[in-house]
Amino acid sequence: MELKQSLSVHLEAEKPLRRYGAVEETAWKTEGLGRNQLDIISMAETTMRPEEIELEMAKIQRLREVLVRRESELRFMMDDIQLCNDIMDLKQELQNLVAIPEKEKTKLQKQREDELIQKIHKLVQKRDFLVDDAEVERLRLPSREESRPPA
């Protein structure tokens, strides 16, 4: 309660704050300032020169690229795990059908066996494509980084 009262008294004592970045209310005083002082951009917590801002932006961009690449790798891993799980489930079902002697299998069981083989084949092809795509991407990225000028 005391904190609320002290805050309200403190806020009332201060004059109203100007909007941050309002062009109409900004008074540019260039008379006593040198060129270096005009180049400085002041923010709430720091003061930076345009060159420093550009360097920071470049660092952030590289970090963003690393994070996007990592996200892509993690998505690949999730897809790979899901495909492997699906393949294993289908293989298990196929093994159960294969364990039945051929003479005792019904027509429906034989059809299901063929369906499972086709599904497994499609999933394996899909996974191979995914692995190949990930390998091409992995090989492509280091060459891009080598061609980038040093920061």
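With which side chain does the side chain of Lys105 make a polar contact of 2.4 Å? I shall begin with the answer: the partner is the side chain of Glu113. Please bear in mind throughout that the model before us is predicted.

Let me place this pair in the overall arrangement. The chain comprises 4 helices and 2 strands. Read from the N terminus, the order of its elements is α-α-β-β-α-α. Of its 151 residues, 9% are buried. The exposed surface of the chain comes to about 13,600 Å², and carbon and sulfur atoms contribute 57% of that area. Among contacts with a separation of 6 or more, 45% are between residues 24 or more positions apart.

I turn next to the nonpolar core. The largest one has 9 residues: Leu83, Ile87, Leu90, Leu94, Leu97, Leu116, Ile120, Leu123 and Leu130. Two helices, α3 (50–98) and α4 (107–147), each provide at least two of these residues. The greatest contribution is that of α3, which supplies 5. As general background, nonpolar side chains in soluble globular proteins tend to be buried together.

One member of the core shows its surroundings in detail. With neighbours within four places in sequence set aside, Leu123 contacts Leu83, Asp86, Ile87 and Leu90. Of these partners, Leu83, Ile87 and Leu90 also belong to the core.

We may now return to Lys105. This residue sits in the loop between α3 and α4. Is Lys105 buried or exposed? Its relative accessibility is 9%, and therefore Lys105 counts as buried; the cut-off for that class is under 20%. Besides the polar contact with Glu113, the side chain of Lys105 has a polar contact of 3.4 Å with the side chain of Glu102. Once neighbours within four places in sequence are left aside, Lys105 is in contact with Leu97, Val98, Ile100, Lys110 and Glu113. Leu97, one of these, is a core residue.

Finally, I draw your attention to Gln109, which is located in helix α4. Because its relative accessibility is 24%, Gln109 counts as partly exposed. Not counting residues up to four places away in sequence, Gln109 touches Leu97, Ile100 and Glu104. Leu97 and Ile100 also appear among the contacts of Lys105. As for Leu94, its C-alpha atom is separated by 9.9 Å from that of Gln109, with the two residues 15 apart along the chain.

To close, I would recall the opening pair: in this predicted model, the side chains of Lys105 and Glu113 are joined by a polar contact of 2.4 Å.

Note on methods: Residues are numbered from 1 along each chain as its sequence is written. This is a predicted model: local features need pLDDT of at least 70, side-chain atom pairs count only at pLDDT 80 or more; totals for chains, interfaces and linings use all residues. Side-chain values use heavy atoms; hydrogens and water are left out. A nonpolar core is a set of buried Ala, Val, Leu, Ile, Met, Phe, Trp, Tyr and Cys residues joined through side-chain atoms within 4.5 Å. Buried means under 20% relative accessible area, exposed over 50%, partly exposed in between (1.4 Å probe, protein chains only). Contact means heavy atoms within 4.5 Å. Accessible areas come from the Shrake-Rupley method with a 1.4 Å probe; for residues, only the protein chains shown count as cover. A polar contact is a pair of N or O atoms within 3.5 Å; within protein, one must be able to donate a hydrogen and the other to accept it, and residues adjacent in sequence count only if both atoms are side-chain atoms.
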